[in-house]
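Here are a few short exercises to work through with the model open in your viewer. Try each one before you read its solution.

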Number of protein chains: 2
Amino acid sequence: MLSKKTKYGLKALTFLASQTDRSPVQIAEIAKEKNISQKFLESILLTLRRNGFLGSKKGKGGGYYLIKEPATIQMTAVMRVLEGPIAMVPCVSLNFYEKCADCPEEGECSVNKLMLKVRDANLEVYRNTTLEDLIT
Amino acid sequence: MLSKKTKYGLKALTFLASQTDRSPVQIAEIAKEKNISQKFLESILLTLRRNGFLGSKKGKGGGYYLIKEPATIQMTAVMRVLEGPIAMVPCVSLNFYEKCADCPEEGECSVNKLMLKVRDANLEVYRNTTLEDLIT
DNA sequence: TAATAATCTACTAAAACTATAGGATTAACC
DNA sequence: GGTTAATCCTATAGTTTTAGTAGATTATTA
């Protein structure tokens, strides 16, 4: 299942991307527009800012805004920040590789074999989809 | 993340599929061979039996055995039983469709758009992979 | 009838998820 | 410089899911 964090994060990103300009949009406005709990959204936008997707401005007239072109934002990056590793098991992860403790030989593991295919299929989708592609 | 339930279930299935014949294999043997908690595996094998993948025999000389040819068991079926819906959100699920409560129009939802692609990519993999393909 | 192995129900501990609370900090405006 | 408006940040709480355990029951075989 996709976490609500990722779901809300994606909605917020596309909302910001679809704005006519890049002037700050308040959390409250995004939350209202996209039916998201404001406090929860707050923490999500914070991590998106900390990971280089958004900029922010405090005080009156402040808010969040995109700091890259939507066409340059790949879903691989978004998903890794919001949802975590794209691989479903650490032993096939590109960025978060870990050997399975219970698995003597990776090459002979059926789970490894299947999840490798799944990872590649998902990577293909995420790499070839940018934020711009998600705007209607 | 892939649940341990699915991971263990897949390992058990491939272990049973790789046996020379289809005579019953005890839970204890599978658990030992694949480094799985026996009691946990017990409940997993039970759901696999209830969903038509395995047969079982009680008493001395009993155990679990495959009741279909490995080549006829698609990963779509296995994943749905062990891991649940293949889609990451209900609004793009083929078998478990549900409308999003918070989403006014599916056609304009960025999450829907992305997850539809992801679902298709995963279905492609799961449909074209059978239990036989996972045996080394 | 004794031994064996699956079946079934119920329970528990830990982790992850989904928030919420409340104050601290910063910027704009009068 | 004070007020207001907004993000920033930490802590915490409730719920759900996951992973595993315990123990009694039922069926089979020898």
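A residue counts as near a strand if its C-beta atom, placed from the backbone, lies within 6 Å of it. Keep in mind that this is a predicted model.

**Exercise 1.** Find out how many residues surround DNA strand C, and which elements supply them.

*Solution.* Start with the count: 24 residues surround DNA strand C. The closest are A:S3, A:S37, A:K39, A:G59 and B:S56. Next, look at the elements. Chain A brings in α1 and α3 (38–50), while chain B brings in α3 (38–50) and β2 (63–66), each with at least two residues. The largest share, four residues, comes from α3(B). Finally, sort by class: this surface has 10 polar, nine charged and five nonpolar residues.

**Exercise 2.** Describe the side of chain A that touches chain B.

*Solution.* First, the tally: chain A puts 26 residues into the contact, and chain B puts in 26 residues. On the chain A side, α1 (4–17) and α5 (110–127) each supply at least two residues. The largest share is from α5(A), with 11 residues. By class, you get 13 nonpolar, seven charged and six polar residues on that side.

**Exercise 3.** Work out what relation links chain A and chain B.

*Solution.* Superpose chain A on chain B: that takes a rotation of 180° with 0.0 Å of shift along its axis, at an RMSD of 0.0 Å. So the relation is that of a two-fold axis. Now check the contact: 100% of the contact residues of chain A recur in chain B, and the same surface serves both copies. To locate the axis, go to A:A121, the residue of chain A that comes closest to the rotation axis, at 2.9 Å (C-alpha).

Definitions and conventions
Residues numbered from 1 in each chain as written. Chains lettered and ligands numbered in written order. Predicted model: local features only at pLDDT ≥ 70, side-chain atom pairs only at ≥ 80, totals over all residues. Contact = placed C-beta atoms within 7 Å. Nonpolar A, V, L, I, M, F, W, Y, C, P; charged D, E, K, R; others polar. Least-squares fit on C-alpha atoms with pLDDT ≥ 70 in both.
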